[in-house]
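Reader: I'd like a close look at one part of this predicted model, not a tour of everything. Could you pick one strand, tell me which way its side chains point, and then work outwards from there?

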Amino acid sequence: MSTRIRTIAVAVNPAAAGGASVHVAPVVVDSLRAAGFEVTVAAATSERALRERLVALVGDGGVEALVVVGGDGLVNLAVDVLAGSAVALGIVPAGTGNDAARELGIPLGSVAAACDHLIAALEREPRRTDVGVITPESGADMPPGASEAEDGTSPPPPRRFLCAVSAGFDALVNERANSLRFPRGPHRYTVALLLELARLRPRRYRLTVDGVAHDVESVLLAVANLGSIGGGMRIVPFASPMDGTLDALVVAPLGRIRFLRLFPRVFAGRHVGLDVVSFHSGSVIRIECDEPIVAYADGERIGPLPVLISVEKGALGVLT
Ligand SMILES: Nc1ncnc2c1ncn2[C@@H]1O[C@H](COP(=O)(O)OP(=O)(O)OP(=O)(O)O)[C@@H](O)[C@H]1O
């Protein structure tokens, strides 16, 4: 067993993948204990309560690693809490999309394989990984379902992310899904996608990459640290989380049929080189749009554009 890491917190999201992670977590805890690690379980009834618990655990130096059992939303929460600390992040994928795990080479689809991978990684030095930071510039945004007290005129605080920021079609789909009362579950995203597809049209953005402004029209615009979103859409197949760089993907205006035909190519990462696709790499990227669009990071709602995105090089130790 590793002499470096002995104490581990396991964070559970009872909401991930419709509750499936509740069954996965005990398997993870048992595997780690059987391998000789000291394990604390961190679960809470809400995301906010879980954040407070994780901040306390990391702050008092009680754990050397945090293993999340959930999807990209829970990974995002852990990254936001852990970046810059000495606590390493482990992931046992138990969500719907699991893009962070996929990109980090963590086995998907088998809890036993993911646990074996994690225990092997605990023997090694954590891999230093870049973390993105998204800073909303404007306030006065009321999230769907927020209380009056959460509304305000000051911008939401900066938030870290591991995978990507969405500011185009997929951000609109997320926002639409969040506003729908019916249906519940994953079908909400299908309905939202169809509704947004019917409304597909380009928006005008100003993308400023390391101080150089690009005025673009786009239907799909995202900024990646790790290359995939939405359950395996390889938006930036060449993205590296260890190069101190972010990569923006811009898809130029195109009709619905061509847009739909693009999707299988993006899943396969074979859109690079197409005339409608361009990439811009840099360490500070600002996205502005002349229409109200709410940005999402790792599938989490951030706030309206404009946003400033930067990178914290090697800020996170990942067990992989
Ligand atoms: N009690 C809770 N503990 C932790 N997270 C919670 C809780 N309740 C709600 N959440 C939120 O649930 C959302 C979904 O979780 P998660 O991302 O882990 O699963 P998923 O959506 O099924 O997977 P993916 O993001 O990979 O598609 C996240 O935004 C998370 O913050």
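Author: Take S13 and split its residues by direction: Leu 246, Ala 248 and Val 250 point one way, while Asp 247, Leu 249 and Val 251 point the other way. Both sets are buried, Asp 247 among them. That back-and-forth is what you'd expect, because side chains in a regular strand alternate between the two faces of the sheet. The strand covers residues 246-251, and since 6 of its 6 residues are buried, S13 is largely enclosed by the rest of the structure.

So what runs alongside it? One partner is S10, residues 220-224, which is joined to S13 by 5 bridges and runs antiparallel to it. To get your bearings on that pairing, find Leu 220, which stands opposite Val 251. Another partner is S14, residues 277-282, again antiparallel, with 6 bridges to S13. Here Val 251 turns up again, this time opposite Val 277. Val 251 is therefore a handy residue to click on: it is buried along with the rest of S13, it faces Leu 220 in one pairing, and it faces Val 277 in the other.

From S10 you can step across to a helix. H6 spans residues 169-179, and its buried residues are Phe 169, Asp 170, Ala 171, Leu 172, Val 173, Asn 174 and Glu 175. Those buried residues pack against S10, and also against strand S7 (164-166), helix H7 (187-198), strand S11 (228-229) and strand S16 (294-297). S10 thus links the two views, because it is bridged to S13, the strand whose 6 residues are buried, and the buried part of H6 packs against S10 as well.

Now zoom out a bit. The chain is divided into domain 1, residues 7-125, and domain 2, residues 132-315. Their centres, taken over C-alpha atoms, are 25 Å apart. The contact between them draws on 15 residues from domain 1 and 20 residues from domain 2. On the domain 1 side, the elements giving two or more residues are helix H3 (72-82) and helix H4 (99-103). H3 has the largest share there, 6 residues. By class, that side has 4 nonpolar, 6 polar and 5 charged residues.

H3 is also worth a look at the ligand. The shell there has 22 residues, and the closest are Gly 70, Gly 71, Gly 73, Gly 95 and Gly 97. Helix H2 (47-59) and H3 are the elements that give two or more residues to this shell, and H3 gives the most, with 4 residues. The class split is 8 nonpolar, 11 polar and 3 charged.

One more stop is Thr 129, in strand S5, residues 127-136. Thr 129 counts as buried because it has 24 C-beta neighbours inside 10 Å, where 20 or more is the cut-off. Leaving aside neighbours within four places in sequence, Thr 129 is in contact with Pro 241, Met 242, Gly 314, Leu 316 and Val 318. Pro 155 is another matter: 26 residues along the chain from Thr 129, with 27 Å between the two C-alpha atoms.

As for how far to trust the coordinates, the mean pLDDT of the chain is 93, and 95% of its residues reach 70 or more. The model scores ipTM 0.93 and pTM 0.93. Where pLDDT is low, the predicted coordinates should not be read in detail.

How values were computed
Residues are numbered from 1 along each chain as its sequence is written. This is a predicted model: local features need pLDDT of at least 70, side-chain atom pairs count only at pLDDT 80 or more; totals for chains, interfaces and linings use all residues. Domain bounds come from an automatic or database domain assignment. Two residues are in contact if their C-beta atoms, placed from the backbone, lie within 7 Å. Ala, Val, Leu, Ile, Met, Phe, Trp, Tyr, Cys and Pro count as nonpolar, Asp, Glu, Lys and Arg as charged, and the others, Gly among them, as polar. A residue is near a molecule or strand if its C-beta atom, placed from the backbone, lies within 6 Å of it. pLDDT is the predictor's confidence in each residue, from 0 to 100. A residue is buried if 20 or more other C-beta atoms lie within 10 Å of its own, exposed if 12 or fewer, and partly exposed in between; C-beta atoms are placed from the backbone. Two strands pair if DSSP finds at least two bridges between them.
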